[in-house]
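These are my notebook entries from a session of looking things up in the structure. I went topic by topic and wrote down what I found under each heading.

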There are 6 protein chains.
Amino acid sequence: MQLQTASWPEVEAYLKTSKGIVIPIGSFEQHGPNGLVGTDAICPEVIAREAGEAAGFLVGPTFNVGVAQHHLGFAGSMTLRPSTMIAAINDWIDSLVRHGFRRIYFINGHGGNIATIAAAFAESYAAWSMDGDACPYKLRQMNWWELPGVMDVCKSIFPVGDGSHATASEVAVTYYAYPHAVKDVAMSPKIAPQGSFTDAADYRRNFPDGRIGSDPSQATPEKGAAIVAAAREALARDAEAFFKS
Amino acid sequence: MQLQTASWPEVEAYLKTSKGIVIPIGSFEQHGPNGLVGTDAICPEVIAREAGEAAGFLVGPTFNVGVAQHHLGFAGSMTLRPSTMIAAINDWIDSLVRHGFRRIYFINGHGGNIATIAAAFAESYAAWSMDGDACPYKLRQMNWWELPGVMDVCKSIFPVGDGSHATASEVAVTYYAYPHAVKDVAMSPKIAPQGSFTDAADYRRNFPDGRIGSDPSQATPEKGAAIVAAAREALARDAEAFFKS
Amino acid sequence: MQLQTASWPEVEAYLKTSKGIVIPIGSFEQHGPNGLVGTDAICPEVIAREAGEAAGFLVGPTFNVGVAQHHLGFAGSMTLRPSTMIAAINDWIDSLVRHGFRRIYFINGHGGNIATIAAAFAESYAAWSMDGDACPYKLRQMNWWELPGVMDVCKSIFPVGDGSHATASEVAVTYYAYPHAVKDVAMSPKIAPQGSFTDAADYRRNFPDGRIGSDPSQATPEKGAAIVAAAREALARDAEAFFKS
Amino acid sequence: MQLQTASWPEVEAYLKTSKGIVIPIGSFEQHGPNGLVGTDAICPEVIAREAGEAAGFLVGPTFNVGVAQHHLGFAGSMTLRPSTMIAAINDWIDSLVRHGFRRIYFINGHGGNIATIAAAFAESYAAWSMDGDACPYKLRQMNWWELPGVMDVCKSIFPVGDGSHATASEVAVTYYAYPHAVKDVAMSPKIAPQGSFTDAADYRRNFPDGRIGSDPSQATPEKGAAIVAAAREALARDAEAFFKS
Amino acid sequence: MQLQTASWPEVEAYLKTSKGIVIPIGSFEQHGPNGLVGTDAICPEVIAREAGEAAGFLVGPTFNVGVAQHHLGFAGSMTLRPSTMIAAINDWIDSLVRHGFRRIYFINGHGGNIATIAAAFAESYAAWSMDGDACPYKLRQMNWWELPGVMDVCKSIFPVGDGSHATASEVAVTYYAYPHAVKDVAMSPKIAPQGSFTDAADYRRNFPDGRIGSDPSQATPEKGAAIVAAAREALARDAEAFFKS
Amino acid sequence: MQLQTASWPEVEAYLKTSKGIVIPIGSFEQHGPNGLVGTDAICPEVIAREAGEAAGFLVGPTFNVGVAQHHLGFAGSMTLRPSTMIAAINDWIDSLVRHGFRRIYFINGHGGNIATIAAAFAESYAAWSMDGDACPYKLRQMNWWELPGVMDVCKSIFPVGDGSHATASEVAVTYYAYPHAVKDVAMSPKIAPQGSFTDAADYRRNFPDGRIGSDPSQATPEKGAAIVAAAREALARDAEAFFKS
Ligand code: NI
Ligand code: NI
Ligand code: NI
Ligand code: NI
Ligand code: NI
Ligand code: NI
């Protein structure tokens with residue numbers, strides 16, 4: 001069930017059966033020569049949608065622009081300041097809690113979001129902890145590629161050059177979701193360099209075409225389908241366990 | 001061209017031909033017994049996508065949760081505090097301006113957003129005005145139903161009971177976009193009451209099923225298609241004019 | 001009754017008879033060659049004062065500096081950032097609500113304030129809507145020139161060249177309030193250009209002497225008196241209706 | 001010269017002769033049984049106006065609501081949160097600096113504002129100090145009753161019962177400014193108690209009618225005139241010295 | 001008792017005997033040619049520690065970086081923006097109040113902190129005053145050199161050249177606390193100039209080596225011991241009185 | 001070299017030889033029945049001090065209160081809201097960068113801080129990335145127990161019951177630093193339970209005496225000395241490498 005296409009009476013009925021919701025959370029940022037700017041939003045969105053349809057849980061709107069300041073050296077990348085993102089995530093949480101949701105599961109598509117999501121959760125809990133009342137809800141974040149079993153699938157499909165940004169896996173997932181967006185681009189070098197970064201200028205200097213450690217030219221819609229299938233199952237189980245916790 | 005499915009080199013190439021981008025901006029909130037919670041995000045999103053494809057301009061991510069505090073009495077509705085939304089819109093603007101975008105057009109789907117978007121624009125301009133430098137970019141917001149000619153189409157299709165919230169027109173647009181989400185719900189009363197509101201409790205008291213002045217049971221995908229067709233053309237022209245201004 | 005010159009026991013007594021208060025809200029900004037920087041604060045202040053004396057309602061302090069970033073290209077103009085204004089208006093509201101005021105009516109003198117006042121109201125209501133409690137108070141804003149009947153008076157007095165900034169009407173009102181401040185300045189061109197603007201540099205480029213569409217050299221204290229008389233009556237009725245709503 | 005009644009060309013001309021401006025800053029809060037809620041705004045406003053007319057300097061709008069949380073136990077009192085006031089003062093400063101003002105003198109009417117004004121100044125300077133650039137302007141705050149010689153006049157007029165809140169002196173100044181607002185109220189006890197306070201509940205418990213240490217029934221318009229005369233001269237000299245510093 | 005070296009059961013036991021805690025609050029900023037950057041944190045920390053051990057009260061962590069924007073022209077100086085400091089102090093207060101502390105005594109080592117601490121207190125009280133509930137706790141700040149009798153000791157030890165920044169007294173206290181950090185530096189001029197300042201550039205221009213009015217080459221650990229002895233006793237008595245208030 | 005006991009000329013001289021500084025960052029929070037509330041501040045502080053003395057780098061003040069909302073169910077625990085901590089860390093960074101520091105190394109003592117420190121770094125970089133300028137400095141955080149080789153030492157000393165909060169290792173480090181604070185408390189159960197937590201109420205319910213998975217009664221000053229020796233060397237090397245990066 002998608003919140004987007006549900007009516008409020010349908011949501012009200014859902015809340016009588018479950019207090020859980022899944023929120024895809026991503027980023028709009030460069031993903032190398034053949035990757036989509038929306039990759040990190042698309043991946044958790046498609047996985048959550050399929051998992052929600054399979055398992056019957058509610059999927060909320062995609063929090064689509066995250067913390068991606070280090071990608072701003074590449075056209076089209078967007079970012080929130082972390083302090084803005086903390087405020088926005090808390091408004092989302094407060095809205096959902098208002099209706100009776102008690103388990104809010106953020107399925108994340110972007111490594112750069114992890115710390116700020118965790119800080120946003122601590123900001124949310126802190127209001128209760130400082131007041132002395134018990135917080136009535138639980139928050140969870142999970143990166144889709146860290147769902148049980150998913151990385152194994154990715155590594156078996158892309159034993160070489162999956163990488164850590166603009167990965168073959170995530171590009172494959174987006175090609176599965178948007179097959180007309182497949183881009184045929186030669187990679188040079190074949191596998192991008194590894195390394196670390198600070199701000200956008202540093203990132204672009206270290207990773208001239210945006211990729212880190214990957215050869216995403218290996219990505220195909222079919223490979224993406226296999227990854228989504230694994231992630232969908234894993235998310236369904238993990239969300240169910242969280243909703244019952 | 002959709003930013004979501006573009007690569008950064010494609011965006012870089014686009015920027016050599018145009019400095020303009022269109023951002024759909026909406027809300028996740030109740031839309032009555034048969035309307036979708038995502039209505040106000042879906043409408044500008046589908047109109048912008050079709051207009052962008054027709055006219056060749058870039059469409060960015062949908063700013064999908066807006067200021068809808070008055071709808072929180074109905075399950076599934078979400079809101080940002082206006083101060084959060086001002087900060088978030090400014091982060092989006094600053095990100096886009098960083099890449100060279102100089103005309104940012106927010107196509108809006110929710111009346112409750114209008115004031116906060118305008119305030120966010122003033123916050124953005126104020127930084128330049130207070131420093132004394134000339135702002136290099138222009139911002140524009142437009143409600144999709146106020147695009148030239150659109151309201152005439154809506155009124156011709158729904159001469160009675162289009163209303164002002166959960167309108168027959170907007171529900172029709174979402175049914176066009178998501179035909180599987182069409183909901184067959186009888187309306188009681190046939191046409192919802194008119195009136196004003198303050199907070200969520202006041203809204204729910206005045207408008208028990210969420211609608212204001214509308215009979216959205218008239219909505220069909222076909223009627224939505226006609227509205228989108230009109231809005232798509234109007235947006236293409238209006239955005240083009242803005243980009244050249 | 002003016003809050004400024006009332007004692008707290010007088011306010012306490014007033015609250016036993018009415019829960020309503022009127023707050024003039026304006027701006028300090030350029031108003032063309034012969035207009036006063038304080039125009040947008042003076043107009044609602046004088047209208048509210050006279051209406052309050054006639055109708056017996058309480059008038060609070062004037063919120064005198066608003067959102068006028070676009071006027072900063074002209075000496076003496078001042079602005080708040082919209083986010084600051086939202087915070088300040090909310091502190092004013094919270095203070096008044098603390099004492100039992102339940103209807104707070106902002107009579108506004110500046111178009112640039114409208115969006116931010118509306119956003120501030122949504123910020124105030126949102127605290128209640130997100131908590132799930134019913135908000136015990138109502139907020140209203142009204143531009144003095146949009147009070148019933150006022151624009152008709154203005155148009156009958158200034159059939160040509162009333163304009164939309166530094167209007168003949170508002171300058172006349174200030175001349176009525178401060179007759180010693182009447183300035184005899186020739187306008188060139190007689191009637192200022194029309195148009196739109198973004199930031200301060202853009203505004204100054206488009207409107208070199210600050211006026212938009214107006215010939216305020218027509219303003220006199222007598223004409224201002226007629227406008228104030230109409231606005232005073234209209235405000236008294238509108239506030240009374242709001243206080244009873 | 002009053003900014004309120006000046007035109008922008010007049011301000012522009014003024015800036016060629018002086019870079020200084022005086023801003024009255026006060027509070028709207030209870031001032032005991034016979035004192036005006038607007039006392040702390042009125043006093044610096046009237047003193048600044050008369051000094052500005054005598055000495056030819058520019059007087060800006062009155063920052064009329066300050067930090068008065070401790071007075072909220074009495075009807076009509078209003079407050080800003082200190083963090084809001086810091087933001088608002090900085091917006092005022094930034095606006096004035098934009099036009100070339102280089103000496104901004106806040107003449108203060110409320111003890112509860114002092115710390116927050118000082119913090120606001122530090123916030124303003126900090127932006128320059130942290131960037132490493134020299135700040136081009138200077139800020140000053142002065143309580144009107146601490147202007148050279150003023151306290152001597154007050155003590156000679158009210159040798160007993162001037163007090164420290166709702167003082168005979170400040171009430172006298174407001175009676176001079178608004179003679180029709182003189183209130184004839186018997187004080188009980190004749191002289192109010194002394195003491196300290198924390199929040200509004202604590203204040204009201206300690207000072208049941210709002211006064212601290214004062215017998216403001218001694219106030220008359222004539223006594224206020226004498227105080228204003230002294231303060232006007234002192235402010236003219238002090239502001240002139242500051243503008244030249 | 002030091003919170004730093006206490007266990008939570010020890011704190012819980014303490015709270016059964018006292019609701020009071022002392023928080024040293026200082027600054028990291030230049031203190032002239034022979035003074036320590038940590039002077040303003042060290043002084044209240046050592047005085048509070050000795051007083052706490054003597055009198056049995058609890059001493060919390062040192063709030064070690066304060067508002068010192070004016071010292072940023074000298075290497076090693078650090079500052080918070082006042083608005084940041086207000087937020088941080090309020091988080092500290094809220095945490096302590098959560099556990100049942102009802103008297104929080106900030107012993108301050110830095111003149112530049114005074115206003116912001118006072119503003120932070122008003123921010124804390126304002127939350128209660130605006131809600132209408134009585135605040136259950138009291139806050140106090142005291143500069144260590146203004147504790148009863150301390151200045152007399154300082155003046156008797158340093159009759160000439162104690163000064164107002166990088167004072168002989170405070171440097172002596174730090175030398176007592178950190179005898180290995182004594183620095184033998186000749187002062188030129190012997191006694192530093194007096195004066196005022198605004199931002200960091202202005203400060204450095206007026207006070208080239210950082211001192212104001214002082215000759216801190218007179219400082220010795222022994223002299224510092226005498227000052228600490230006086231301050232320790234005075235703080236013990238003052239805190240005890242506050243805890244009982 | 002400790003910033004606390006350095007003079008500004010000494011810092012200025014240091015900056016000619018190195019652009020690096022180490023900031024201990026911790027927390028004040030319960031550490032079980034025999035652990036110190038200051039544990040997480042003390043550990044990085046003592047390790048950084050010894051490393052700085054050995055390797056000659058500068059150590060700044062300890063950021064001593066962090067994000068510990070989940071510990072507020074135990075007396076004496078303190079927390080910052082994450083958004084406050086982000087602001088404060090950025091003020092610290094901006095201050096240090098102002099003086100020419102270009103490598104700022106936060107040696108962290110508290111798991112609950114990690115996400116917020118990372119978010120604070122992203123906030124700092126984002127200012128540069130969004131402006132389009134290259135950030136001139138680098139930021140690093142490292143948990144002391146994750147320094148190369150340290151965990152091996154801890155595990156060899158405490159093969160059983162080191163745990164994950166109120167660990168035997170961290171308690172031992174504090175006992176080494178404050179041998180008079182050693183507390184002899186029997187643990188029941190011997191080894192605390194494992195698990196996860198959300199807010200303070202949830203934490204206290206799951207971990208009744210505050211420990212997670214540990215038996216800190218094994219801690220002794222001698223064992224702490226061994227851990228500090230290992231951590232000191234590792235930090236010296238890691239900081240040196242970072243300063244040269
Ligand atoms: Ni990605
Ligand atoms: Ni809608
Ligand atoms: Ni106007
Ligand atoms: Ni007063
Ligand atoms: Ni000092
Ligand atoms: Ni720890």
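**Entry 1: chains A and B**

I began with how two of the chains relate, and found that chain B can be laid on chain A with an RMSD of 0.0 Å by a turn of 180° and a shift of 0.0 Å along the axis. I noted this as the relation of a two-fold axis, and I kept in mind that the model is a predicted one. Looking for what lies by the axis in chain B, I found that the nearest C-alpha is that of Thr84(B), 3.4 Å from it. I also looked up the contact residues of chain B and saw that 100% of them recur in chain A, the same surface serving both copies.

I then picked one residue, Ser7(A), which is found in the segment before helix 1 (8-15) of chain A. Its relative accessibility is 2%, and because buried means under 20%, Ser7(A) counts as buried. Which residues does Ser7(A) contact, leaving aside its neighbours within four places in sequence? I listed Gly32(B), Pro33(B), Gly35(B), Val37(B) and Lys183(B).

**Entry 2: the nickel ion in chain A**

The nickel ion (ligand 1) is coordinated by His31(A) through NE2, by Asp40(A) through OD, entered twice, and by Glu170(A) through OE, at 1.9 to 2.8 Å. I recorded angles of 52 to 139° among the four donor atoms, with the site classed as irregular. Along the chain the donors follow the spacing H-x8-D-x129-E. His31(A) sits in the loop between strand 1 (20-25) and helix 2 (39-55) of chain A and Glu170(A) in helix 6 (residues 168-177) of chain A, so that the pair links distant parts of the chain, 139 residues apart. I checked burial as well, and found both His31(A) and Glu170(A) buried.

**Entry 3: the nickel ion in chain E**

I looked up the nickel ion (ligand 5) next, and its donors are His31(E) (NE2), Asp40(E) (OD), Asp40(E) (OD) and Glu170(E) (OE), at 1.9 to 2.7 Å. Why is the arrangement around the nickel ion (ligand 5) irregular? The four donor atoms subtend angles of 53 to 138°, whereas a tetrahedral site would need all angles between 85 and 135 degrees. His31(E) and Glu170(E) are both buried.

**Entry 4: the sheet in chain C**

In chain C I found four strands forming an open sheet in the order 2-1-3-4, with parallel pairing. Strand 2 (58-59) and strand 4 (138-143) of chain C each have a single partner strand, so one side of each is left without a neighbour in the sheet. Strand 1 (residues 20-25) of chain C pairs with strand 2 of chain C over two bridges, and there Ile21(C) stands opposite Leu58(C).

**Entry 5: strand 3 of chain F**

Lastly I followed strand 3 (residues 103-108) of chain F, in which six of six residues are buried. On one side these are Arg103(F), Tyr105(F) and Ile107(F), and on the other Ile104(F), Phe106(F) and Asn108(F), so I noted both faces as covered. Six bridges join strand 3 of chain F to strand 1 (residues 20-25) of chain F in parallel, with Gly20(F) opposite Arg103(F). Six bridges also join strand 3 of chain F to strand 4 (residues 138-143) of chain F, again in parallel, and here Arg103(F) stands opposite Lys138(F). With helix 4 (residues 114-131) of chain F, strands 3 and 4 of chain F make a right-handed β-α-β unit.

Methods. Residues are numbered from 1 along each chain as its sequence is written. Chains are lettered from A and ligands numbered from 1 in the order in which they are written. This is a predicted model: local features need pLDDT of at least 70, side-chain atom pairs count only at pLDDT 80 or more; totals for chains, interfaces and linings use all residues. Side-chain values use heavy atoms; hydrogens and water are left out. Donors are N, O and S atoms within 2.8 Å of the metal (3.2 Å for Na, K and Ca); water is not among the atoms, so sites may look incomplete. Four donors count as tetrahedral if all angles lie between 85 and 135 degrees; four count as square planar and six as octahedral if opposite donors are over 155 degrees apart and all others between 65 and 115; anything else is irregular. Buried means under 20% relative accessible area, exposed over 50%, partly exposed in between (1.4 Å probe, protein chains only). Copies are superposed by least squares on the C-alpha atoms of residues with pLDDT of at least 70 in both. Contact means heavy atoms within 4.5 Å. Two strands pair if DSSP finds at least two bridges between them. A crossover is right-handed if, with the strands pointing away from the viewer, the path from the first strand over the helix to the second runs clockwise.
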